[in-house]
Amino acid sequence: MKTVKKSPPIVAKFPHFIHGGDYNPDQWLKWKDEIWKEDFRLARLAGINSFSVGIFSWTALEPEEGKYTFDWLDRVMDLLAENKMTAVLATPSGARPAWMSRKYPEVLRINAMRQKNLHGARHNHCMSSPVYREKVREINTALAERYKKHPALGVWHISNEYGGECHCPRCQEKFRAWVRERYRTLDNLNDAWWTTFWSHIYTDWSQVESPSPLGETNIHGLNLDWKRFTTEQHVDFYLHEIAPLKKITPNIPCTTNLMGTYPGIDYFRLAEVMDVVSWDNYPQWTGTDKDADIAVLASFKHDLTRGLKGKPFMLMESSPSATNWRPVAKLHRPGVHMLQSMQAVAHGSDTVQYFQIRKGRGSSEKFHGALIDHEGTEKPRVFKEIAEVGKRLKTMDAIIGTNTPSSAAIVYDWNIRWAVDDAKGFLQTNTNYEQTVVDHYSAFWQLGIPVDIIDSTKKLDGYDLVVAPMLYMLRPGFAEALDAFVKKGGTLVTTYITGYVDQSDLCFRGGFPGPLRKCLGIWAEEIDALYPDDSNSIKWKGKSYKAFDFCELIHAETAKPAGTYGSDFYKGQPALTVNNYGKGKACHIAARTGRDFLLDYYKDLTESLGIQTAVKKLPHGVTAQVRSDGKTDYVFVMNFTPGKQIVDTGSTGQKVSGKWELDPWECWIYERESRNEK
């Protein structure tokens, strides 16, 4: 198990859970004397101690080029300080003023069809534009200089939900420079991209262009490198944004709010340059038994966000009730908001924040959930539920900075996702890399075993078990790291479609799983993709489990078969294997299965490895997660079902023991002596 250490508070002078959300006072300037005063009164009633301000306020701050109007923001910052609240102060680059688009059209993005966008929406800017970068530098500098000594300033909120890409001539030139730096010679480029296919060989660097439906989309190495380059564009732009902030306010942490498993940016890479990670969580709760599966996905994204830097994160946005942009804007059932908030904390968040504080009167988010409804008082049900969260968070200061003691890690890698999603083979649009990783994660969630989510760049020290579903691509050094991990005594689990390609999406020679063949002790000769109405089965430990979508035909070389296929021409051939390798073992699951098999399989495996659950036995739809400071464990037991559930917490060394009844959507938190020992 990895040793846990308590992290410092996100805001050094504020050792409490940040409870707040997006506040848009500039939408209410005409009524500021009435509305602002009432907003702060209601915020205090609800236990709100933080506002995120200025996120989309560029025009309100700079209505004309070079003319700043900070007076309204000054007053809001002063009100925050007077109310002993902390500000998550944003840079406004997510949506620029119309005057800028009109005067400097070069700031507008060009899409993959090589068409220039009109002014509007969000993130409609070219990150390579010298004009845009200079305008961002100017306003960020002005914000930092003005508020550098303000007592309310707690966190810099950089832009909002980075995303998208630009295909303008300037970005094309930057892409060519990035590719040239990466490959050095055209021969290296052509080898890596396998451009002899369809005679797509590049004979001059000027021929390199970003992928487009109007041109090239069939060179997988090009597609991969464009996504990597786009990630680096966001990293570079983020660094550009924070440069004046770090120079002027070096002790104020910077973050930008991420979007879970958003496919357009490698968040592990972006997180490298962030002080603290934050994200926006919008699960689509139903109020039925389906919420258990929805909770698995939300928990996975929380753990993924925590794993980006391996420390507590910020829940920057969540909806306290209806999420208006969902196809069905269903209300949260009573108790669900509390459970959703505690779920984030259980998985490592040191904040509970919302979009939004007050509902706007117009435009596309006027019906989105908020603390303050159009009715405008503390009477609504949602307000009262938020106030209950505020009361509870005030009692939880001891949990701030605690981390998650994990013996197991699951690999989720954006580079692998990009490659698998682009693969022409297998099941085309139904390869489902993300869903597969979540399915494996679901077993640990149901067992109440805390896990870390890592990518191929992370160290494996301290883990007893590493699970790497669909490890299609082996990035440089990762096969060697896994090999060493198993030799030293670790247990590795892989699945079908493992070790097929290198970082350029070139197939390994010498048979699959490529560099892991010796470690896994198998040869994967073929893979059978099944039609939607096809299925097979896996026979394991006297039971039969359904296999579907993929059945990989493997040969056990040094590995031993642990389960076999039940039908088709490969009936009786290995479907599960285990290879004793060095001091550890490497296991392989050759077929896609349902969660029933994965739950049984990982229960058996974790028990054999002595990996402890947070709580001994949990009913379906109930999970338990742990945060720890190394001395005290804080155990969160959460019921994501509409019915009452009985949970036995056990008795050894615990301050709370015995059988407990959880109401629908209820979360308990109890303390015990830490198990964080090896």
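**Exercise 1. Count the cavities of 30 Å³ or more in this predicted model, then describe the largest cavity.**

Solution.
- Step 1: the count. The structure holds five cavities of 30 Å³ or more.
- Step 2: the volume. The largest cavity encloses about 130 Å³ of space.
- Step 3: the lining. It is formed by 15 residues, and Met 1, Pro 405, Pro 450, Gln 612 and Arg 672 lie nearest the centre of the cavity.
- Step 4: the classes. Seven lining residues of the largest cavity are nonpolar, five are polar and three are charged.

**Exercise 2. Find which residues and elements line the second largest cavity.**

Solution.
- Step 1: the volume. About 60 Å³ of space lies in the second largest cavity.
- Step 2: the residues. The lining consists of Thr 436, Asp 439, His 440, Tyr 496, Ile 589, Ala 591, Arg 592, Thr 593 and Leu 598.
- Step 3: the elements. Helix α14 (433-447) and strand β20 (591-593) each give at least two residues to this lining.
- Step 4: the classes. Four of these lining residues are nonpolar, three polar and two charged.

**Exercise 3. Describe the largest pocket: its volume, its lining and the element that gives the largest share.**

Solution.
- Step 1: the volume. The largest pocket has about 1,100 Å³.
- Step 2: the lining. There are 48 lining residues, with Phe 56, Arg 122, Glu 161, Phe 355 and Glu 365 nearest the centre of the pocket.
- Step 3: the elements. Two or more lining residues come from each of α2 (58-61), β7 (278-281) and α10 (291-309). The largest share, five residues, belongs to α10.
- Step 4: the classes. The pocket lining splits into 20 polar, 15 nonpolar and 13 charged residues.

**Exercise 4. Decide whether α10 is largely enclosed or largely open, and place Gly 307 in the picture.**

Solution.
- Step 1: the length. Helix α10 has 19 residues and spans 28 Å from first to last C-alpha, close to the expected 27 Å.
- Step 2: the burial. Of its 19 residues, 16 are buried, so α10 is largely enclosed by the rest of the structure.
- Step 3: one residue. Gly 307 lies in α10. Gly 307 counts as buried because its relative accessibility is 11%, and the cut-off is under 20%.
- Step 4: its contacts. Leaving out residues up to four places away in sequence, Gly 307 touches Phe 268, Ile 453 and Lys 458.
- Step 5: the end. Gly 310 follows α10, with a positive phi near 70°.

**Exercise 5. Locate two cis peptide bonds and two positive phi values in residues other than glycine.**

Solution.
- Step 1: the background. Most residues other than glycine have a negative phi, and most peptide bonds are trans.
- Step 2: the cis bonds. One runs from Phe 355 to Gln 356, with omega near 25°. Gln 356 sits in the loop between β9 (351-354) and α12 (381-394). Another runs from Phe 512 to Pro 513, with omega near 10°. Pro 513 sits in the loop between β13 (491-495) and α16 (517-520).
- Step 3: Lys 84. Its phi is near 55°. Lys 84 lies in the loop between α3 (71-82) and β3 (86-90). At 72% relative accessibility, Lys 84 is exposed.
- Step 4: Glu 161. Its phi is near 50°. Glu 161 lies in the loop between β4 (153-157) and α6 (169-183). Glu 161 is buried, at 13% relative accessible area.

Technical notes
Residues are numbered from 1 along each chain as its sequence is written. This is a predicted model: local features need pLDDT of at least 70, side-chain atom pairs count only at pLDDT 80 or more; totals for chains, interfaces and linings use all residues. Side-chain values use heavy atoms; hydrogens and water are left out. On a 1 Å grid over the protein atoms alone, a cavity is a set of points where a 1.4 Å probe fits but cannot get out, and a pocket is an open set with protein on both sides within 12 Å along at least five of seven lines; lining residues have an atom within 4 Å of a point. Grid points are joined across faces, edges and corners, and a volume is the space filled by probe spheres set on the points. Helices (H or I, at least four residues) and strands (E, at least two) are DSSP runs, numbered from the N terminus. Ala, Val, Leu, Ile, Met, Phe, Trp, Tyr, Cys and Pro count as nonpolar, Asp, Glu, Lys and Arg as charged, and the others, Gly among them, as polar. The expected span of a helix is 1.5 Å times one less than its number of residues. Buried means under 20% relative accessible area, exposed over 50%, partly exposed in between (1.4 Å probe, protein chains only). Contact means heavy atoms within 4.5 Å.
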